[in-house]
Amino acid sequence: MGSNGEGTYAKVRGGSGHLASWAQELVKLPAESPVHSLSFGPGNQLAVCCNDKVSVYTMPAAKIICEFPAEKPASDKSILSVAFAPREHTIATSSADGSVCLWDASAGVLIMEFKGHESPVYDVALSIQFTLATASADGTARVWNCTNGECIATLEGHMGEVLGVDFSRDGKRVGTASADRTAMVWD
């Protein structure tokens, strides 16, 4: 669970196929498949990812700005996580095939694909410095340069799958959560 930083909405992850957003009233955004992840972006935009697509809405009107499919539709291409860049109209997605993509959030156009993980990538985060962090079933987290797609660092130390990742507000630290029952903070 998280918020849009303005205290107006909360985010919830769940498998019911519905997404709830709270202001003064409940807004339900029905989906065709389970909702894996969501992220609030600039201007009260909301990105919602299901198995094979991402939908971007304006909130609280719940009007669709754009939708885009997984870039390579296949059974192993399920989109598992989505994150808005803090200041950009850019979205990152992670997928079951180990790929991570950067998208133009207003047009749904693929900007760049990041490759390096060999297992599903469960979570993705974008920093204020426009770097990307990924958490994977391969037991690593990685930090990427969003300008050139280069892997800046591979964070190894967990004894199990890395399930979650996030940046500190200033973007100087990365936090990881693992199936090994540990959380780590990295400089």
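Is E67 buried, partly exposed or exposed? With a relative accessible area of 40%, E67 is partly exposed, where buried means under 20%, exposed over 50%, and partly exposed in between (1.4 Å probe, protein chains only). The model is a predicted one, in which local features need pLDDT of at least 70 and side-chain atom pairs count only at pLDDT 80 or more, while totals for chains, interfaces and linings use all residues. Residues are numbered from 1 along each chain as its sequence is written, and side-chain values use heavy atoms, with hydrogens and water left out.

We can turn next to the chain as a whole. Its secondary structure comes to zero helices and 19 strands; these are DSSP runs numbered from the N terminus (helices H or I, at least four residues; strands E, at least two). Of the 187 residues, 49% count as buried. The exposed surface is about 9100 Å², and carbon and sulfur atoms supply 50% of it; accessible areas come from the Shrake-Rupley method with a 1.4 Å probe, and for residues only the protein chains shown count as cover. Among contacts (heavy atoms within 4.5 Å) with a separation of 6 or more, 37% come from residues 24 or more positions apart.

Now to the sheets. Strands of a sheet pair through backbone hydrogen bonds, in either a parallel or an antiparallel sense. Here, two strands pair if DSSP finds at least two bridges between them. One open sheet is made of four strands in the order 9-10-11-12, with antiparallel pairing. Its edges are strand 9 (79–84) and strand 12 (109–114), each of which pairs on one side only. Neighbouring strands of this sheet are turned by 25° against each other on average, direction ignored; axes are lines fitted to C-alpha atoms, for helices over the stretch in contact, and angles run from 0 to 180 degrees between N-to-C directions. Within this sheet, five bridges pair strand 10 (residues 90–95) with strand 11 (residues 100–104) in the antiparallel sense, and T93 stands opposite C101 in strand 11.

Another open sheet has three strands in the order 17-18-19, again with antiparallel pairing. Strand 17 (162–167) and strand 19 (183–186) are the edge strands, each pairing on one side only. The average turn between neighbouring strands of this sheet is 20°, direction ignored. Strand 18 (residues 174–178) is joined to strand 19 by four bridges, and T176 has M184 in strand 19 as its bridge partner.

Side-chain pairs complete the picture. The structure holds two salt bridges, each defined as a side-chain nitrogen of Lys or Arg within 4 Å of a carboxyl oxygen of Asp or Glu. In one of them, K53 and E67 meet at 3.3 Å, N to O. This pair links distant parts of the chain, with K53 in strand 7 (residues 53–58) and E67 in strand 8 (residues 63–69), 14 residues apart. R173 and D187 also form a salt bridge, at 3.2 Å, N to O. R173 lies in the loop between strand 17 and strand 18 and D187 in the segment after strand 19, so the pair ties together parts that are 14 residues apart in sequence. R173 is partly exposed at 40% relative accessibility, whereas D187 is exposed at 81%.

Cysteines come last. The count of disulfides is zero, a disulfide being a pair of cysteine sulfur atoms within 2.5 Å. C66 is buried, with a relative accessible area of 8%, and C146 is buried too, with a value of 5%.
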